[in-house]
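The following exercises concern the fold of a single protein chain. Each task is followed by a solution in steps.

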Amino acid sequence: MNLKSPQQYDARARIAKAIAHPTRLLLLDALGHNELCVNELTELAGVDQSTVSKHLTLLREIGLVAARKEGTTHRYRITCRCLGGMFDCIESVLRENLEAQKKLLSG
């Protein structure tokens, strides 16, 4: 067994907490497909621009998102490509839970 230090678990928890919001998950998913600006993300998320900006700031601080300036706008992108695997894992857990619940109901 290869356990980590308390600091490593704290760092993991900060990342998990940063992604543990439906809007941030949506932003990460969208940015996994394309580089987008705040206006495009605001339209996708269906929330106001200040909310999207706050979410992006948090995701930038944790190191999951980066931005580059293009004229007067910033284009955001994901900094790590492993998030697709994380989303696949979450979907797998959801499917397995659904199947277990179906079995209980048909019991």
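Two strands are said to pair if DSSP finds at least two bridges between them. The model examined here is predicted; the mean pLDDT of the protein is 93, and 99% of its residues reach 70 or more.

**Exercise 1. Determine the strand order of the sheet and identify its edges.**

Step 1. Strand β2 (residues 65–70) is joined to β3 by 6 bridges, and the two run antiparallel. Within this pair, Arg68 stands opposite Arg75 of β3.

Step 2. The hairpin of β2 and β3 has 2 residues between the strands, and Gly71 adopts a positive phi near 70° there.

Step 3. β1 and β3 also run antiparallel, joined by 2 bridges. Leu36 has Tyr76 in β3 as its bridge partner.

Step 4. The result is an open sheet of 3 strands in the order β1-β3-β2, with antiparallel pairing. Because β1 and β2 each have a single partner strand, they stand at the edges, and one side of each is left without a neighbour in the sheet.

**Exercise 2. Establish how the helices are placed against the sheet and against each other.**

Step 1. Helix α2 packs on the sheet and touches β1, β2 and β3, its direction making about 90° with that of β3.

Step 2. Helix α4 lies across β2 and β3, at about 115° to β2.

Step 3. The axes of α3 and α4 come within 9 Å and cross at roughly 110°. Angles of 65 to 115 degrees count as roughly perpendicular, so α3 is roughly perpendicular to α4.

Step 4. At this contact, Val38, Asn39, Leu41, Thr42 and Ala45 of α3 meet Gln49, Val52, Ser53 and Leu56 of α4.

**Exercise 3. Describe the largest nonpolar core and state which elements supply it.**

Step 1. The largest nonpolar core has 18 residues; among those with the most contacts inside it are Leu27, Leu56 and Val65.

Step 2. At least two residues of this core come from each of α2 (22–31), α3 (38–45), α4 (49–62), β3 (73–78) and α5. The most is given by α2, with 4 residues.

Step 3. Beyond its neighbours within four places in sequence, Val65 has contacts that include Leu28, Leu31, Leu56, Leu59 and Tyr76.

**Exercise 4. Is His55 buried or exposed, and which residues does His55 touch?**

Step 1. His55 is located in helix α4.

Step 2. Its relative accessibility is 8%, and buried means under 20%, so His55 counts as buried.

Step 3. Not counting residues up to four places away in sequence, His55 touches His21, Thr23, Arg24 and Leu27.

Technical notes. Residues numbered from 1 in each chain as written. Predicted model: local features only at pLDDT ≥ 70, side-chain atom pairs only at ≥ 80, totals over all residues. Heavy atoms only, no water. pLDDT = per-residue confidence, 0-100. Core = buried A, V, L, I, M, F, W, Y, C linked by side-chain atoms within 4.5 Å. Buried < 20%, exposed > 50% of the residue type's maximum accessible area, 1.4 Å probe, protein only. Contact = heavy atoms within 4.5 Å. Axes fitted to C-alpha atoms, helices over the stretch in contact; angles between N-to-C directions. Parallel < 35°, antiparallel > 145°, perpendicular 65-115°, else oblique.
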